[in-house]
Amino acid sequence: MPFEDDFSNALREAADASEAPPVQLMATGAAQRGRRTKRRRTVLAATASVAVLAVAGTLAVKLGAPVTRPAPATNLSAAADSASPSRSAAQADVAAPKSMTGDQMLALFKTKLPSGLQLTRPLGQGTGSDSQSGIQEAMAGYTVVDSKGSGGVEITVTHQKADLNSAGMVCSPGWTNCTRTAQPDGSYLRLDLPPKAAGGEQLWAVQLQRPDGIVVTASSSDLPGPGQPMSPTPTRDAPVLTADQLKAIALDPVWLQVGAALAAAQDVPENQSAHPQWAGLPTDDILRIAAPLLPAGLTEKQITGAAKDDGFATFTVDDGSGASMVRLTVEDWSDFKQTRYSGPPIDTEFTDATVLPNGDKLNSGADNPAFNYKGVTRNWAQVLTPNHVMVLVEAFNGIDYKGDMITRSLPALTVDQVKAIAISPTWHGPTK
C-alpha cells in the first residue's frame, strides 16, 4: 500500500522508496533527515511525509483531490467553538463528522495557530475529495513570513488502513529526537523533532495515531509551506512552531470530526504506482565520475562515516592550504510528476540560468556567508541538462557546512572549477 509523505523522511532517510518516510524536515515524495541530500526538494517531500507516514512502499500518493489556494474569509464560528473541548483528541470519541471545504480547513487551522503570525500562501484541501491512494485526507497549510524569515505550518488529517505498529508509524531506531507514547485509549502520540539537516532544513511534527485509522499530523518547518517554491537555503533559525504548540494543535478534538468526515480508507491495487519524483545516481558512481574531473593535483578523500544516499556524495580535497569539503548532488528529474507536496518542477530553479550551447542551463556563484553561517564560504555551480539530469557541485572552506570546522579562507575549488565539473558531459546520461 502506498503512503503519502512530503515532508518528513525528506531529510531523514528520504530517498529510499522502499521505506515510508517519517517526519523529518519539510517536503513530499522523498525526505531525508539529518542528512542534506536534495536540500530543497527533499525538504518539500518531508511535508507530505508528515502527512501520512503510515503505510510503507511508495514515495508519494496519487491525490485526485482539488486543493484551495486563496482562502477567503469563512464563517467557522461553530468549528472554532468546538476547538477547545475539555478532552484531548487522544481521549475523545469521534464526534459527529464535520465536512469541510479547503477554505474551511484553512480558516479552522488559522484559529488554532498562535495569534500574530503573518500567514501567506494558503493551501487547503477539504474532506470531500477522493484519493486514488487509499489514504483519504484533508489539510491546510500556510507560509509564515516575518522578521525571522519564512517558514511553513501545516495540519493534515488522514483516514487510512494502517497497522499502528507498522514501519511508517513507529520511530525508526536511527532517528534522533523521536518519541512515541501510548495513550490510554490505544492511540499513539509521536513527537518527531529532528536536528537540522546538513543544509539547515528542519521539520518538526507531532502526530496522533488512532486505532480507528484517523491520523492527525501538525508540522512546522524553517522553509516555506506546502506547494511553494523553495528558497535556496532556510531563512529561519528554527521551525515556526514549538513542540508544545504542535502538540496542542494535533491533540485538538476538532480534527477527529474532520477525520470522521473523510471517506473510509480503501484497499489499493498492488500494482498502483506512485508519482515518480527524482532518481539519484548512486553515491559510488558519483565519486567515480567526479574523481577524474577534479583539478590536477587534487584527489578525493572520503569522509569517514559519511552516509551513502543515492543522488548525493561528499568528500574532501586538500591543495596544501587545508582540507576543503566538496558535495555533489546528481538527480534525474525526467520522470518527475508534480504533486501538491512535491513543489514545482526542477526547471523553476533555472529560470534565470545561463543557457550553454549544448542546451545545459547553468547557475553558479559564491556565497559568503553560506547558509547564514558566519565564516562559511561556498563556491557552487548547478546544471540542468536537456534530459533533466540535475548536477549541483559545492565546495566549502572547511570540512563541514556550518562553520564548526573551517580550515581555510576560501574553498579549494574556485567557482570556475566547480562549474567545469558540473558542466562535464559525463553527467549527461540518465541516472537510472
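Here are some exercises with worked solutions on this structure, which is a predicted model.

**Exercise 1: the order of the sheet**

Work out which strands stand at the edges of the open sheet of 7 strands.

*Solution.* Start with the order of the strands, which is β3-β4-β5-β9-β8-β7-β6, with antiparallel pairing. Next, look at the two ends of that order: β3 (119-125) and β6 (178-182) each have a single partner strand, so one side of each is left without a neighbour in the sheet. These two strands are therefore the ones at the edges. To finish the picture, add the twist, which averages 10° from one strand to the next.

**Exercise 2: a helix against the sheet**

Find which strands helix α4 touches as it packs on the sheet.

*Solution.* Locate helix α4 first; it covers residues 243-250. Then go through its contacts: α4 touches β5 (149-159), β7, β8 (203-209) and β9 (214-221). Lastly, compare directions: that of α4 makes about 30° with that of β8.

**Exercise 3: the hairpin at one edge**

Describe how β6 is joined to β7, and what lies between the two strands.

*Solution.* Begin with the pairing. Strand β7 spans residues 188-192, and 5 bridges join it to β6, the two running antiparallel. Now pick out individual partners: A182 has Y188 in β7 as its bridge partner, while T179 stands opposite L191 in β7. Then follow the chain round the turn. The two strands form a hairpin with 5 residues between them, and G186 in the turn has a positive phi of about 95°. One more feature involves Y188: R180 lies over the face of this residue, at 3.8 Å from the ring centre.

**Exercise 4: aromatic pairs**

Classify the 2 aromatic pairs of the model, and decide whether their members are buried or exposed.

*Solution.* A helpful reminder before starting: a pair of aromatic rings is described by the distance of the centres and the angle of the planes.

- Step one: F109 and Y142 are 6.2 Å apart, centre to centre, with 20° between the planes, and this pair is stacked.
- Step two: F109 belongs to helix α3 (residues 102-112) and Y142 to strand β4 (residues 136-146), so the pair ties together parts that are 33 residues apart in sequence.
- Step three: buried means under 20% relative accessible area. F109 has 1% and is therefore buried, and Y142, with 6%, is buried too.
- Step four: the ring centres of W333 and F336 are 5.1 Å apart and the planes stand at 45°, so this pair is tilted.
- Step five: apply the same cut-off of 20%. W333 is buried at 3%, and F336 is buried at 13%.

**Exercise 5: buried side chains with polar contacts**

Trace which backbone atoms the side chains of Q125 and S220 reach.

*Solution.* Take Q125 first. Q125 lies in strand β3 and is buried, with a relative accessible area of 2%. A polar atom of the side chain of Q125 lies 3.1 Å from the backbone oxygen of E137.

Now turn to S220, a residue of strand β9. Its relative accessibility is 0%, so S220 counts as buried. The side chain of S220 reaches the backbone nitrogen of V240 at 3.0 Å, and also the backbone nitrogen of L241 at 3.0 Å.

**Exercise 6: backbone features in loops**

Place N177, H388 and P369 in their loops, and say what is notable about the backbone there.

*Solution.* Take the residues one at a time.

- N177 lies in the loop between β5 and β6. Its phi is near 60°, a positive value in a residue other than glycine. With a relative accessibility of 47%, N177 counts as partly exposed.
- H388 lies in the loop between β16 and β17 (389-396). Although H388 is not a glycine, it has a positive phi of about 65°. A relative accessible area of 23% makes H388 partly exposed.
- P369 is found in the loop between β15 (361-367) and β16 (378-384). The bond that joins N368 and P369 is a cis peptide bond, with omega about 5°.

Technical notes: Residues numbered from 1 in each chain as written. Predicted model: local features only at pLDDT ≥ 70, side-chain atom pairs only at ≥ 80, totals over all residues. Heavy atoms only, no water. Pairing = 2+ DSSP bridges. Helix = DSSP H or I, 4+ residues; strand = E, 2+ residues; numbered from the N terminus. Axes fitted to C-alpha atoms, helices over the stretch in contact; angles between N-to-C directions. Contact = heavy atoms within 4.5 Å. Phe/Tyr/Trp six-rings, centres within 6.5 Å; stacked < 30°, edge-to-face > 60°. Buried < 20%, exposed > 50% of the residue type's maximum accessible area, 1.4 Å probe, protein only. Lys NZ or Arg CZ within 6 Å of the ring centre and 35° of its normal. Polar contact = N/O pair within 3.5 Å; in protein donor to acceptor, adjacent residues only side chain to side chain.
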